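Visitor: Hello! Could you walk me through this structure and explain the reasoning behind the words you use?
Guide: With pleasure; here it is.

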Amino acid sequence: MEISRRTLRMFGTAFAAAALLFSGCSSGPSTSAAALPTPSVPAALKPYYEQSLHWRTCGGAGFECATLRAPLDYARPGQGRDLKLAVSRKKATGSAKRLGSLLVNPGGPGGSAIGYLQSYAAVGYPSRVRARYDMVAMDPRGVAGSEPVRCLSDKQMDRYTQTDQTPDVSAEQHRLVAAYKKFARGCADRSGKVLAHLSTVEAARDMDVLRAALGDDRLTYVGASYGTFLGATYADLYPSRVGRLVLDGALDPALNSRRMNLDQTAGFETAFTAFAKDCVRRATCPLGTRSVTDARDRLGAFFTRLDSHPVSTGGSRRLGESLATTGVMAAMYDESAWPQLRTALHAAIRGEGGGLLNLADLYYERDTDGSYANLMYANPAVNCLDLPAAFRTPAEVEKSLPAFKKASPVFGEALAWSALNCAYWPVPATGHPRTLTAKGAAPIVVVGTTRDPATPYRWARALARQLSSATLLTYEGDGHTAYGRGSRCIDAAINTYLVSGRPPAPQKRCR
């Protein structure tokens, strides 16, 4: 089974963009949101909150699209430039009473919510959910249809993705730093007018404007991966406006960027171990059949060979260590991609790297015509604004290499160096690590997968403990996120919550 672009849209994207972003369930009994005063809308923001959306047919049968206006700078609404944010919906399909709008976000940051809605959520979410809700998505500011950030030409991006991310000598370090600086300059040149206003806090404020424009008193929302941070930020800003929130594949907002990258490195190692355990039991495993340790050593040796001797892909690009690493990591997000990875590794080890290149291209959202979506531009644009850089200099990366290699002998070095990119970002970070409590919000469901590579399970546990009304729902399994990925137990618990408002029992676990 080939890994799909729809699946990849749900992934947190830390390897290329670098700065991705506890035990127990709720930290206490939930408090009714009705007891909270509803915050008033400042006069300067009322034109945005009171705007009417003008819907038009788009994107296939039953879909409509509209444009939402939001201030570029919430500190100066109406005094400067407005942003035009793309919105899409598919109306509730059932005859029973409509419950309102269900906003979805697949993560990233940088994943197109509208692409996710039209390719999956509005047609693939359970029918009992789609029957009761208008399915809605808005591309966050800087993403896809909402004034997308651009940084490099497609040819430049091809070269950027091939940059050596495991520099062995000072000259290679200089080339990597030069690549990060060129990327940052390109973002400033092409998108400098918006770069300082693409934070998660601002995107969450846009969501509240959308809620009002849709005519909903409260926000009902399903966010995956980075979408959990966006949803939790919304809840913390507007606890009285929280309806039913599902935060699947959660981030821990209290961590700094370096710790996030280190935790995620360990997460990819956990996922690779699961893949290797499955692989070595098969006679055709391209990494041998002896042990997980041997498989890990063989993969590391293969990457080392590619560092100096890239292999053919059947096209103009060759497969080097960086693209091969990305391809392998892409398959860690979903166990259904493991057969494809085994086939791709088998071919690449024998000198044909096209299969691994295809996986890397899916991860980077590179189309077959060589064009890139803006995922890998929006991703650092948000991440580098939300948190101070993980590392400021190559020397700081070198000092942390032992810890990253311990967390993952195979992926640690590449992930450590990839975390240097925000050091050269053209605008300073405006966010900082912080706990999000959303005190007084209605019940929120946080979902964690025990062997999630991109958002380690400990993050879900941490977020569930921080949010005052959260219940933690656990999926004991592999892959990134849990809802809609095959667990009837998980799906039933979330569907019941969305339709009835009843959250899962505390400490509920699904296999």
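**Charges, cover and bends**

Guide: Let me start with a group of charged side chains: D158, R317, D361 and R366 are linked in a network of salt bridges. Please keep in mind that this is a predicted model.

Visitor: How many salt bridges does the structure hold?
Guide: There are 26 salt bridges in the structure. Side chains of opposite charge can pair when their charged atoms come close.

Visitor: What makes the contact of R342 and D278 a salt bridge?
Guide: The cut-off is a side-chain nitrogen of Lys or Arg within 4 Å of a carboxyl oxygen of Asp or Glu. For R342 and D278 the distance is 3.3 Å, N to O, so the pair meets that definition. R342 belongs to helix 12 (residues 338-349) and D278 to helix 9 (residues 257-279), so the salt bridge ties together parts that are 64 residues apart in sequence.

Visitor: Which residue meets R281 in a salt bridge?
Guide: That is D278, at 4.0 Å, N to O.

Visitor: How do you know whether R281, D278 and R342 are buried or exposed?
Guide: Buried means under 20% relative accessible area, and exposed means over 50%. R281 has 66% relative accessibility, so R281 counts as exposed. D278 has 15%, so D278 counts as buried, and R342 counts as buried because its value is 14%.

Visitor: Why are R485 and E335 called partly exposed?
Guide: Their values fall in between the two cut-offs of 20% and 50%. R485 has 21% relative accessibility, and E335 has a relative accessible area of 25%. These two residues also form a salt bridge, with the closest N and O atoms 3.1 Å apart. The pair links distant parts of the chain, 150 residues apart: R485 is in the loop between strand 9 (470-478) and helix 18 (488-500), and E335 is in the loop between helix 11 (321-331) and helix 12.

Visitor: Which residues form the positive surface patch?
Guide: K155, R159, K181, K182 and R185 form this patch. Helix 5 (154-161) and helix 6 (170-191) are the elements that give two or more residues to the patch. Helix 6 gives the most, with 3 residues, and R185 has its place in helix 6.

Visitor: What makes these residues count as positive?
Guide: Lys and Arg count as positive, so the K and R residues of the patch qualify. Across the protein chain there are 62 positive and 44 negative side chains.

Visitor: How do you know that the radius of gyration agrees with a compact globule?
Guide: With 511 residues, a compact globule would have a radius of gyration near 24 Å, and the protein chain has 22 Å, which agrees. The C-alpha atoms fill a box of roughly 60 × 50 × 45 Å along the principal axes. Buried residues make up 61% of the 511 residues, and the secondary structure comes to 18 helices and 10 strands.

Visitor: Where is the cis peptide bond that involves P109?
Guide: The bond from G108 to P109 is cis, with omega near -5°. P109 sits in the loop between strand 4 (100-105) and helix 3 (113-124).

Visitor: What is special about phi of Q507?
Guide: Q507 has a positive phi of about 65° although it is not a glycine. Q507 lies in the loop between helix 18 and strand 10 (509-510). At 59% relative accessibility, Q507 is over the 50% cut-off and so counts as exposed.

Technical notes
Residues are numbered from 1 along each chain as its sequence is written. This is a predicted model: local features need pLDDT of at least 70, side-chain atom pairs count only at pLDDT 80 or more; totals for chains, interfaces and linings use all residues. Side-chain values use heavy atoms; hydrogens and water are left out. Helices (H or I, at least four residues) and strands (E, at least two) are DSSP runs, numbered from the N terminus. The radius of gyration is taken over C-alpha atoms; the globule rule is 2.2 Å times the number of residues to the power 0.38. Buried means under 20% relative accessible area, exposed over 50%, partly exposed in between (1.4 Å probe, protein chains only). The place of a charge is taken as NZ of Lys, CZ of Arg, CG of Asp or CD of Glu. Patches are made of residues with over 30% relative accessible area and no salt bridge: like charges are joined within 9 Å, nonpolar side chains (Val, Leu, Ile, Met, Phe, Trp, Tyr) within 5 Å. Accessible areas come from the Shrake-Rupley method with a 1.4 Å probe; for residues, only the protein chains shown count as cover.
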